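Trainee: Could we go through a protein model together? I'd like to get better at reading one.

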Amino acid sequence: MRCGAPADGGHGTEAAQVDVLTPRDVPLGGPRAMTVRRTLPQRARSLIGAWCFADHYGPDDIAATGGMDVAPHPHTGLQTVSWLFSGEIEHRDSMGSHAFVRPGELNLMTGGHGISHSEVSTPRTTVLHGVQLWVALPEGHRHADRDFQHYVPEPVRIDGAEVRVFLGSLAGDESPVRTFTPLLGAEIVVEPRATIRLALDPAFEHGLLVDHGNVRMAGALLAPAELGFVHAGVDALTLTNESDDPARTVLLGGTPFEEEIVMWWNFIGRSHEDIVRAREEWQNSSDRFGTVQGYAGDRLPAPALPNATITPRRNPSRR
């Protein structure tokens with residue numbers, strides 16, 4: 001992580017000090033792993049609002065990499081958010097949902113008490129490119145029923161950019177998709193050399209993930225795959241595309257999530273014991289996670305637990 005300079009003449013209750021989070025490469029998907037760039041969680045920041053996980057992948061040439069093939073696997077205590085820039089992914093889950101993730105279309109799955117699903121890039125895919133995000137469920141809803149929502153946001157034109165709001169509200173548009181805490185999720189494509197100014201909810205903290213281009217966010221320059229974070233209290237944000245091509249970004253936001261969470265593998269709980277119980281029930285084929293129909297192969301076994309107590313995560317205290 002590095003800190004960016006505060007914006008000149010900052011807006012809101014304080015200047016927009018930007019923390020720049022750099023990604024790390026992580027293999028995803030068991031024995032047929034593909035490599036993703038992960039910016040959340042990390043030591044410097046565990047959550048942005050209730051956003052607790054951000055993987056960014058591609059553009060991957062499927063002929064060279066083999067694409068995505070993630071066998072049936074479980075989730076607890078979270079919602080998964082799939083958003084593609086190119087390619088197509090076939091989704092199957094233990095609710096019986098069978099859907100396709102396509103560019104510009106949101107697929108949101110709720111795995112509160114327990115759900116399982118598979119994700120496979122389709123034969124029609126030549127280049128796979130997108131983000132996979134998780135949202136932590138608050139205590140009162142972390143055992144919510146399984147659910148699946150699909151939404152195609154209309155692009156909104158503003159001066160210098162095109163915006164697709166898939167969660168929450170921004171630029172005069174609002175998503176109807178249900179969440180359990182106030183959230184924002186939007187793809188923003190900024191025109192070459194353009195500067196835009198976005199009105200924000202000052203109750204939210206925000207993170208901007210850059211997919212393509214070099215983007216100056218409130219004075220801090222973000223390179224591709226970096227994520228710029230600003231604390232709550234800022235009511236407007238200036239973005240400048242310093243590239244000669246369109247710059248694509250994903251803006252995430254939400255009210256600060258004050259609960260401690262325990263994250264391990266595909267589970268979110270509140271204690272080490274929560275994780276141990278969920279792993280045991282997955283390994284024993286408990287009804288808690290149901291069964292995914294239609295996937296050609298075995299489900300993904302859980303890895304061994306660490307030889308230590310899994311400790312809770314929360315964001316570091318603000319300096």
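Mentor: Sure, let's take the enclosed space, the open space and then some backbone details, keeping in mind that this is a predicted model.

Trainee: How many cavities of 30 Å³ or more does the structure hold, and what is the volume of the largest cavity?

Mentor: Here a cavity means a spot where a 1.4 Å probe fits but cannot get out. The structure holds one cavity of 30 Å³ or more. The volume of the largest cavity is about 70 Å³.

Trainee: Which element gives the most to the lining of the largest cavity?

Mentor: Start with the lining residues, which include Thr80, Ile89, Asn107, Leu108, Met109 and His117. Two or more residues each come from β7 (78-86), β8 (89-93), β10 (106-111) and β11 (115-121). With three residues, the element that gives the most is β10.

Trainee: How do the residues of that cavity lining divide into nonpolar, polar and charged?

Mentor: Look at a few names: Val101 and Phe148 are among the lining residues, and so are Ser82, Gln132 and Glu119. Glu counts as charged, while Val and Phe count as nonpolar. The lining of the largest cavity divides into five nonpolar, six polar and one charged.

Trainee: Now the open space. Which residues lie nearest the centre of the largest pocket?

Mentor: The largest pocket holds about 560 Å³ of space. Its lining is made of 28 residues. Those nearest the centre are Arg38, Phe53, Trp134, Trp265 and Asn266.

Trainee: Which element gives the largest share of the pocket lining?

Mentor: Let's list the candidates. The elements with two or more lining residues are β3 (24-28), β5 (51-61), β6 (69-75), β11, β12 (127-136) and β26 (262-264). The largest share, four residues, comes from β3.

Trainee: And by class, how many residues of the pocket lining are charged?

Mentor: Arg counts as charged, and Arg38 is one of the residues nearest the pocket centre. By class, the lining has 15 nonpolar and eight polar residues. The number of charged residues is five.

Trainee: Time for the backbone. Where is Pro59 placed, and where does Pro41 lie?

Mentor: Both prolines follow a cis peptide bond: Gly58 to Pro59 has omega of about 0°, and Leu40 to Pro41 has omega near -5°. Pro59 has its place in strand β5. Pro41 lies in the loop between β4 (34-40) and β5.

Trainee: Is Ala225 buried or exposed?

Mentor: Ala225 is worth a look, with a positive phi of about 80° although it is not a glycine. It sits in the loop between β22 (220-222) and β23 (227-230). Its relative accessible area is 8%, and the cut-off for buried is under 20%, so Ala225 is buried.

Trainee: Why does Trp265 count as partly exposed?

Mentor: Trp265 is in the loop between β26 and β27 (267-269). Its phi is also positive, near 50°, in a residue other than glycine. Partly exposed covers values between 20% and 50%, so Trp265 counts as partly exposed because its relative accessibility is 24%.

Trainee: Last one. Which residues does Ser97 touch, leaving out those up to four places away in sequence?

Mentor: Ser97 is found in the loop between β8 and β9 (98-101). At 15% relative accessibility, Ser97 counts as buried. Two of its partners, His91 and Phe148, also line the largest cavity. The residues Ser97 touches are His91, Arg92 and Phe148.

Conventions
Residues are numbered from 1 along each chain as its sequence is written. This is a predicted model: local features need pLDDT of at least 70, side-chain atom pairs count only at pLDDT 80 or more; totals for chains, interfaces and linings use all residues. Side-chain values use heavy atoms; hydrogens and water are left out. On a 1 Å grid over the protein atoms alone, a cavity is a set of points where a 1.4 Å probe fits but cannot get out, and a pocket is an open set with protein on both sides within 12 Å along at least five of seven lines; lining residues have an atom within 4 Å of a point. Grid points are joined across faces, edges and corners, and a volume is the space filled by probe spheres set on the points. Buried means under 20% relative accessible area, exposed over 50%, partly exposed in between (1.4 Å probe, protein chains only). Contact means heavy atoms within 4.5 Å.
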